[in-house]
Amino acid sequence: MPSEEKSNEKLPSLDCHAHFEPTLSASELVDTGAVLAMTLSLAESTLVVDRNEPHITWGVGCYPRNLEAQQAFDKEHFYDLVERSAIVGEVGLDTNSRVPLELQRQNFRQILEIVTEIPRLISIHSYRATELVIKELRQKNLNNAIPVLHWWTGSADLTQEAVTLGCYFSIHSAVARHSKFRTRVPPERILIESDHGYRDPPSAIPCRIEWVEHLVGQQLKLNIKQVRHLVWRNLGSIVQKTDTRELFPKIFTNVLKKVSRNIV
Ligand SMILES: [Zn+2]
């Protein structure tokens, strides 16, 4: 019996990709469980970079579908925000976007250069651009940065290559039944996400995460508690590889400490 089965202590849910309206107060975000909260632009990242909810860590993003954000991208400003943040996201490529692909690619390449220098978990959007994203990752040695493919829909072969390139996968309920997550992705590369939107009630996140844990658990023959433990452990490996423990808020560091000692 794995040691996590012996304890009754429940780990908080962990959502590895969600969005919150930056104007929400801390009291409106108390019931979300632990969340990696993404931003869509430098302007939004600037608004949230100094927030200090103990269970939410905010990313630095530049969304590939947001023309204004892509046009306003500034490498130095992004660099400065990344230095102060535990994670990067949402960034990436999208061929269904009104943003010219060349502009998206130019910005994405600069972002990859930054995380090569300052290692971070980087949450990557790849809607109708899975091959293009893998091509960019293939051409770049990311050193200790960790790409996390969010809501991944790539083919089985591309998934295999992404694994070889060191990618993790944050699985959304819409793709959780895809067999490639069982056949091509090792369990130690799996994370879970809600991609919760600005207008969704933040307190619904733990339920949504539990639903994805259930779906992923069916694939991996694990129960919800085991999936949750696995996902926290996987985040722990990323935090270790990127050496970002000190940048994460308190609840993350507390849970990661317990998980790494295997006392939950
Ligand atoms: Zn998103």
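This is a stop-by-stop tour of the structure, with something to select at each stop.

**Before you start**

What you have open is a predicted model, in which local features need pLDDT of at least 70 and side-chain atom pairs count only at pLDDT 80 or more, while totals for chains, interfaces and linings use all residues. Residues are numbered from 1 along each chain as its sequence is written, and side-chain values use heavy atoms, with hydrogens and water left out.

**Stop 1: the whole protein**

Show the cartoon first. You should find ten helices and eight strands; these are DSSP runs numbered from the N terminus, helices being H or I of at least four residues and strands E of at least two. The radius of gyration is 17 Å, close to the 18 Å that the globule rule gives for 264 residues, so the protein is as compact as a globular protein of that length. (That radius is taken over C-alpha atoms, and the rule is 2.2 Å times the number of residues to the power 0.38.) Along its principal axes, the C-alpha trace spans about 50 × 45 × 35 Å.

Now switch on the surface. About 11700 Å² is exposed, with carbon and sulfur atoms supplying 47% of it; the area comes from the Shrake-Rupley method with a 1.4 Å probe, and for residues only the protein chains shown count as cover. Of the 264 residues, 56% count as buried. Here buried means under 20% relative accessible area, exposed means over 50%, and partly exposed is in between (1.4 Å probe, protein chains only). Among contacts between residues at least 6 apart in sequence, 67% join residues at least 24 apart, a contact being heavy atoms within 4.5 Å.

**Stop 2: the zinc ion**

Select the zinc ion and its protein donors: His-17 (NE2), His-19 (NE2), Glu-90 (OE) and Asp-195 (OD), which lie 2.2 to 2.4 Å from it. Donors are N, O and S atoms within 2.8 Å of the metal (3.2 Å for Na, K and Ca), and since water is not among the atoms, sites may look incomplete. Along the chain, the donors follow the spacing H-x1-H-x70-E-x104-D. One pair links distant parts of the chain: His-19 sits in strand 1 (residues 14-19) and Asp-195 in the loop between strand 8 (190-192) and helix 8 (205-220), 176 residues apart.

Why is the arrangement irregular? The four donor atoms subtend angles of 84 to 174° around the zinc ion, which makes it so. Four donors count as tetrahedral if all angles lie between 85 and 135 degrees; four count as square planar and six as octahedral if opposite donors are over 155 degrees apart and all others between 65 and 115; anything else is irregular.

Stay with the donors for some backbone details. His-19 counts as buried, at 7% relative accessibility. Glu-90 is in strand 4 (residues 87-92), and the peptide bond leading to Glu-90 from Gly-89 is cis, with omega near 10°. Asp-195 is not a glycine, but has a positive phi of about 50°.

**Stop 3: aromatic rings**

Next, colour the aromatic side chains. There are six aromatic pairs. Try Phe-20 and Trp-58: their ring centres are 6.0 Å apart and their planes stand at 65°, so the pair is edge-to-face. Phe-20 lies in the loop between strand 1 and strand 2 (34-38) and Trp-58 in strand 3 (residues 56-60), so the pair ties together parts that are 38 residues apart in sequence. Rings of Phe, Tyr and Trp (its six-membered ring) pair if their centres lie within 6.5 Å; planes under 30 degrees apart count as stacked, over 60 as edge-to-face and the rest as tilted. Phe-20 is buried at 1% relative accessibility, and Trp-58 is buried too, at 6%. Then select Trp-152, Phe-169 and Phe-181, which ring pairs link into a cluster.

**Stop 4: helices 9 and 10**

Which residues of helix 10 (residues 250-260) are buried? Select Phe-252, Thr-253, Val-255, Leu-256 and Val-259. They pack against strand 1, strand 2, strand 3 and helix 9. Over in helix 9 (residues 224-242), find Val-239, which counts as buried at 2% relative accessibility. Not counting residues up to four places away in sequence, Val-239 touches Thr-244, Arg-245, Phe-248 and Leu-256.

**Last stop: Arg-128**

Finish in the loop between strand 5 (121-125) and helix 5 (130-139), where Arg-128 lies. Arg-128 counts as exposed, at 54% relative accessibility.
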